[in-house]
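User: I am new to this structure and would like to go through it step by step. Could you show it to me?
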Amino acid sequence: MVLNYINENLHENLTVKQLADFCHLNTDYFSRVFNENFGMRPNKYIQSKRIERAQLLLLSTNNSLKQIAEKVGLENLSYFNRIFKSHTGITPGIFREEHSQK
């Protein structure tokens, strides 16, 4: 249920506290259980899902990078670029260019 909640609310500013409250658990306990079940901390999971959605939007829309950043819950464009590059090794603009040519 929590994974669905995350996917449906990626555009929001999700916090571990919100997710823990959603599951009716203490924040620390929720984070530990999430890590045990999914192999990563909740914030890392949220980040990876945001990047996956951004990749999909980059390939399937003509939205600007700023619009895509907002749609995946990362309002700050430079932060979006930095996070995207740390996950994929390239910037969102280069990702779009390289994959739209194929």
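Analyst: The following turns go from the overall fold to single residues.

User: Before we start, what kind of model is this?
Analyst: This is a predicted model, in which local features need pLDDT of at least 70 and side-chain atom pairs count only at pLDDT 80 or more, while totals for chains, interfaces and linings use all residues. Residues are numbered from 1 along each chain as its sequence is written, and side-chain values use heavy atoms, with hydrogens and water left out.

User: How many helices and strands are there in the protein chain?
Analyst: The protein chain has seven helices and zero strands. Helices (H or I, at least four residues) and strands (E, at least two) are DSSP runs, numbered from the N terminus.

User: And what does the C-alpha trace span?
Analyst: Along its principal axes, the trace spans about 45 × 20 × 20 Å.

User: What share of the residues is buried?
Analyst: Of the 102 residues in the protein chain, 31% are buried. Buried means under 20% relative accessible area, exposed over 50%, and partly exposed in between (1.4 Å probe, protein chains only).

User: Now the helices. At what angle do H4 and H6 pack?
Analyst: Helix H4 (residues 42–60) and helix H6 (residues 77–88) pack at an angle of about 95°, and their axes are 10 Å apart. Axes are lines fitted to C-alpha atoms, for helices over the stretch in contact, and angles run from 0 to 180 degrees between N-to-C directions. H4 and H6 are therefore roughly perpendicular to each other, a term for angles of 65 to 115 degrees.

User: Which residues meet there?
Analyst: In H4, the residues include Ile-51, Ala-54 and Leu-58, and those they meet in H6 include Phe-80, Ile-83 and Phe-84. Contact means heavy atoms within 4.5 Å.

User: Changing topic: where is Asn-63, and is it buried or exposed?
Analyst: Asn-63 lies in the loop between H4 and helix H5 (65–71). Asn-63 counts as buried because its relative accessibility is 16%.

User: What is Asn-63 in contact with?
Analyst: Leaving aside neighbours within four places in sequence, Asn-63 is in contact with Ile-68, Lys-71 and Arg-96.

User: And where is His-24?
Analyst: His-24 is in the loop between helix H2 (16–22) and helix H3 (27–38). With 72% relative accessibility, His-24 counts as exposed.

User: What is the phi of His-24?
Analyst: Phi of His-24 is near 60°, a positive value in a residue other than glycine. Most residues other than glycine have a negative phi.

Methods:
Angles under 35 degrees count as roughly parallel, over 145 as roughly antiparallel, 65 to 115 as roughly perpendicular and the rest as oblique.
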